[in-house]
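Q: Please take a close look at one part of the structure shown here: the salt bridges and the nonpolar packing beside them. A connected account would be most useful.

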Amino acid sequence: MSWQPIVVGVDASPEAAGAAGFACRMVGVAGTSCHLVHAARDGWASVGVEEGVDELKRALIDQEHVNVAAALKDVVPRELTDKMTVRLGRTPVVLREAVAELGAELVVLGSTSLNVARTTDVPVLVAAGSPATIRRVLVAVDQSGAARPTLRTAERCARLFGAELRALSVLEPLPVTPGVTQPYETGEYYAMSEELLKRDVWSLIRTPGVERIVRYGMAVETILREATEWGTDLLVVGSHGKGWAKRMLVGSVTERLLNLLPTSLLVVPVAAAAAHEPVAVQLAGATA
């Protein structure tokens with residue numbers, strides 16, 4: 001399956017330059033095109049002044065183009081900066097419009113943007129530094145409908161880079177509520193969870209030789225530890241699920257993952273997961 005265009009969100013920061021350089025290397029392998037997009041702050045949006053504003057906006061866009069192109073000149077070809085799209089507006093909105101217009105299937109960023117991750121309909125890759133190569137891909141999945149598209153994306157990336165792929169699922173402890181009897185003993189809960197993983201998640205993996213790993217603990221800390229100890233170059237996660245993944249875009253879990261992770265992170269969005277029905281039977285109904 002061929003790759004569609006890739007959109008790179010850029011600014012004048014070193015992080016954006018690193019992401020742009022990585023994206024250029026990626027499109028060289030994938031055989032597709034790369035499009036630089038910069039969102040500039042529209043300072044006149046709420047001022048209420050009309051006369052001469054269009055000229056001022058045009059001048060701002062031109063100046064932003066010059067500034068960003070100068071920051072990227074040593075890492076991307078000149079033709080890419082010449083064709084760079086610069087628009088006034090919020091970054092999530094500008095990138096979403098660019099993705100729709102270009103038919104892009106991936107957004108690459110050099111810095112964390114939770115708003116982009118929340119609103120995009122395509123995967124978002126946050127590049128840590130400027131990875132020279134991707135040798136090890138770690139995909140973290142749970143027992144939800146997000147597992148299928150997340151695994152597919154991870155397998156596709158591993159094939160593209162010729163990387164080793166490892167699948168991880170973290171089983172969190174049962175929540176303890178005072179005065180409420182647990183429906184399962186801890187050992188029974190973990191045993192049932194592993195059976196469901198084997199049946200409904202691991203069976204989705206098509207790539208031969210993928211190591212399947214189960215860890216016990218809190219999701220973020222366990223994923224971070226596993227990614228670091230294995231020397232992961234790219235971590236792939238789903239942004240929606242029945243377990244910890246569902247909370248990723250609700251509270252601080254995604255922010256912690258993006259801020260603390262010492263490697264590149266690829267987030268497969270809710271929209272991709274929603275196209276697939278859940279693959280797991282909930283534990284509450286497993287004994288029915």
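A: The account below begins with the basis of the values and then turns to the salt bridges and the core.

This is a predicted model, in which local features need pLDDT of at least 70 and side-chain atom pairs count only at pLDDT 80 or more, whereas totals for chains, interfaces and linings use all residues. Residues are numbered from 1 along each chain as its sequence is written, and side-chain values use heavy atoms, with hydrogens and water left out.

A search of the whole structure yields 14 salt bridges, each being a side-chain nitrogen of Lys or Arg within 4 Å of a carboxyl oxygen of Asp or Glu. One of them joins R135 to D233, with an N to O distance of 3.6 Å. R135 belongs to the loop between strand 5 (124-126) and strand 6 (136-140), and D233 to the loop between helix 8 (219-230) and strand 9 (234-238), so this pair ties together parts that are 98 residues apart in sequence. Helices (H or I, at least four residues) and strands (E, at least two) are DSSP runs, numbered from the N terminus. R135 is exposed at 55% relative accessibility, while D233 is buried at 13%; buried means under 20% relative accessible area, exposed over 50%, and partly exposed in between (1.4 Å probe, protein chains only). Salt bridges with shared partners also join R166, E211, R215 and E226 into one network.

Other pairs have their own settings. D62 and R58 form a salt bridge at 3.2 Å, N to O; the two are four residues apart in helix 2 (residues 53-72), and therefore separated by about one helical turn. Both count as partly exposed, D62 at 39% and R58 at 46%. K73 is paired with D74, their closest N and O atoms lying 3.4 Å apart. K73 is exposed at 57%, as is D74 at 68%.

The nonpolar packing can be read alongside these pairs. The largest nonpolar core has 56 residues; such a core is a set of buried Ala, Val, Leu, Ile, Met, Phe, Trp, Tyr and Cys residues joined through side-chain atoms within 4.5 Å. V8, V10, L36, V108 and V137 touch the most other members. Helix 1 (residues 14-30) gives the largest share of this core, ten residues. Leaving out residues up to four places away in sequence, V137 has contacts that include R166, E164, W230 and L234, a contact meaning heavy atoms within 4.5 Å. R166, touched by V137, is also part of the salt-bridge network.
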